[in-house]
Amino acid sequence: MSDPVSTLRVEGLTVRAESLELVREVSFTIAPGERVGLIGESGSGKSLTALSLMGLLPEAVTASGTARLGDRDLVGVPENRVKDLRGRDVSMVFQEPMTALNPLMRVGAQVAEVMTLHGTPRHEARERAVAMLERVRLPEPGQVARAYPHQLSGGQRQRVMLAIALANGPGLLICDEPTTALDVTVQKQMLELIAEVAPALLFITHDLAVVASVCERVLVMYGGRVVESGPIREVFTRPRHRYTEGLLAASKLTPRGTRLPTVQGSVPSAGQFPDGCVFRNRCPHATPTCETAPALTGDGHAFACWHPAD
Ligand SMILES: Nc1ncnc2c1ncn2[C@@H]1O[C@H](COP(=O)(O)OP(=O)(O)OP(=O)(O)O)[C@@H](O)[C@H]1O
Ligand SMILES: [Mg+2]
């Protein structure tokens, strides 16, 4: 179990696949109890950022830089030691629970198994598994523990995944589009539950309204970089980076009556982003200055843009 008062500090996280830089120099912190959203269009590097913190990057993809949760390193950990961290210090809930659960094993046993893997005696793990199912507010947890995944609804399976993720008391929970596959009412309940039980949360989604309801802070990613970050209220009411501005304008969160600028073009594929500001080939405000990369600057509300919105 990790120290519950540990802060996650990510510094200069860079993810490469051969010569391609898929995530570049990403830095952020998440304090205990803090809920941080990670948003950006498809292909911006959100999942790779999350997977590097879990030691779950695909074959031939490597991470450099540092990520520390309290006194533990999460990046650059040898493969034989990464299993100790995964699920104990950092846990992750994915979109599709059916692929993550073992269809042939009762769900109570699956929750218990992640505890025994990290050293909890078997009999104790069984009891605690039922308690975990209760904690994620599954009614009749004893009965659910004896069920197989296919006997549960999608929402119940996602709660089981959350119980598994929380079983060893991790210091950080990462959710990557955890509720996209659920219907609206179930999604709302699940989001409330995640917000309540997460020790500290990195929450990835395309849905800006969801991020606004779950998180206090947001990181906006584009082209493998964090281009803007800050308190949700500030970033969403007064975006400074032209990418964030376009992203918000394309969503329903923009105040009514404002003219909607749109983000032109589409996200380049990995390796096709321009030098300098990664957004400059789609930005209506770009000038030759933007050929030099802007740094992410600002206290609290930070942005990397030469021509920020007012
Ligand atoms: N194994 C890999 N080898 C090479 N490129 C990869 C690999 N995995 C991902 N990429 C590329 O890295 C970029 C970032 O991918 P990532 O999955 O982090 O995006 P994302 O922000 O999570 O997108 P989405 O919102 O669609 O989930 C994409 O351009 C993707 O094609
Ligand atoms: Mg993704």
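## Close-ups of a predicted model

**Figure 1. Helix 5 and its buried side.** In helix 5, the buried residues are Ala125, Ala129, Val130, Met132 and Leu133. Look down the helix axis and these residues fall within an arc of 160 degrees, so they line one face of helix 5. Flip to the other side and you find His123, Glu124, Glu127 and Ala131, which are exposed. The cover over the buried residues includes helix 4 (107-117), helix 6 (141-145) and helix 7 (154-166). As for length, helix 5 runs over residues 122-135, and its 14 residues should span 20 Å at 1.5 Å a residue; the end C-alpha atoms are 20 Å apart, which agrees. Keep in mind that this is a predicted model, here and in every view below.

**Figure 2. Glutamate 127, a residue of helix 5.** This view picks out one residue, glutamate 127, which sits in helix 5. Is glutamate 127 buried or exposed? It has 12 other C-beta atoms within 10 Å, and a residue counts as exposed at 12 or fewer, so glutamate 127 is exposed. Across from it, alanine 112 is 15 residues away along the chain, with 8.2 Å between the two C-alpha atoms. Alanine 112 itself is one of the buried residues of helix 4.

**Figure 3. Helix 4 and what it packs against.** Here the buried residues of helix 4 are on show: Val107, Gly108, Gln110, Val111, Ala112, Val114 and Met115. Their packing partners are helix 5, helix 6 and helix 7. Right after helix 4 comes glycine 119, with a positive phi near 100 degrees.

**Figure 4. Two non-glycine residues with positive phi.** First up is arginine 137, just after helix 5, in the loop that leads from helix 5 to helix 6. Its phi is near 60 degrees, a positive value in a residue other than glycine. With 16 other C-beta atoms within 10 Å, arginine 137 comes out as partly exposed. Then there is alanine 60, in the loop between helix 1 and strand 4 (61-69). Alanine 60 isn't a glycine either, yet its phi is positive, about 70 degrees. How exposed is alanine 60, going by the other C-beta atoms within 10 Å? There are 8 of them, and 12 or fewer is the mark for exposed, so alanine 60 qualifies.

**Figure 5. Proline 178 and its contacts.** Proline 178 belongs to the loop between strand 7 (172-176) and helix 8 (184-197). Being in a loop doesn't leave it out in the open: proline 178 has 28 other C-beta atoms within 10 Å and is buried, because the cut-off for buried is 20 or more. Which residues does proline 178 touch, leaving aside its neighbours within four places in sequence? The contacts are Val93, Gln95, Gln158, Met190 and Ile194. Take glutamine 95: it is 83 residues from proline 178 in sequence, but the C-alpha atoms are 4.3 Å apart in space. Met190 and Ile194, for their part, are among the buried residues of helix 8, the subject of the next view.

**Figure 6. Helix 8, face by face.** Met190, Leu191 and Ile194 are the buried residues in helix 8. Seen down the axis, they fall within an arc of 105 degrees, so they line one face of the helix. The face turned away from that buried side carries the exposed residues Thr185 and Glu196. On the buried side, the packing is against helix 7, strand 7, strand 8 (201-204) and helix 9 (208-214). The length works out here too: 14 residues at 1.5 Å each should span 20 Å, and the end C-alpha atoms of helix 8 are 20 Å apart, in agreement.

**Figure 7. The shell around ligand 1.** There are 14 residues around ligand 1, and the nearest are Ser42, Lys46, Ser47, Leu48 and Ala270. Helix 1 (residues 46-54) supplies the largest share of this shell, with three residues. Sorted by class, the shell has six nonpolar, seven polar and one charged residues.

**Figure 8. Zooming out to the whole protein.** For context, the protein has 11 helices and 11 strands. Its radius of gyration is 20 Å, close to the 19 Å that the globule rule gives for 310 residues, so the protein is as compact as a globular protein of that length. Along the principal axes, the C-alpha atoms fill a box of roughly 65 × 45 × 30 Å. Of the 310 residues, 44% count as buried. Among contacts with a separation of 6 or more, 62% are between residues 24 or more positions apart.

Note on methods. Residues are numbered from 1 along each chain as its sequence is written. Chains are lettered from A and ligands numbered from 1 in the order in which they are written. This is a predicted model: local features need pLDDT of at least 70, side-chain atom pairs count only at pLDDT 80 or more; totals for chains, interfaces and linings use all residues. Helices (H or I, at least four residues) and strands (E, at least two) are DSSP runs, numbered from the N terminus. Two residues are in contact if their C-beta atoms, placed from the backbone, lie within 7 Å. A residue is near a molecule or strand if its C-beta atom, placed from the backbone, lies within 6 Å of it. Ala, Val, Leu, Ile, Met, Phe, Trp, Tyr, Cys and Pro count as nonpolar, Asp, Glu, Lys and Arg as charged, and the others, Gly among them, as polar. The radius of gyration is taken over C-alpha atoms; the globule rule is 2.2 Å times the number of residues to the power 0.38. The expected span of a helix is 1.5 Å times one less than its number of residues. The arc is that of the directions from the helix axis to the C-beta atoms.
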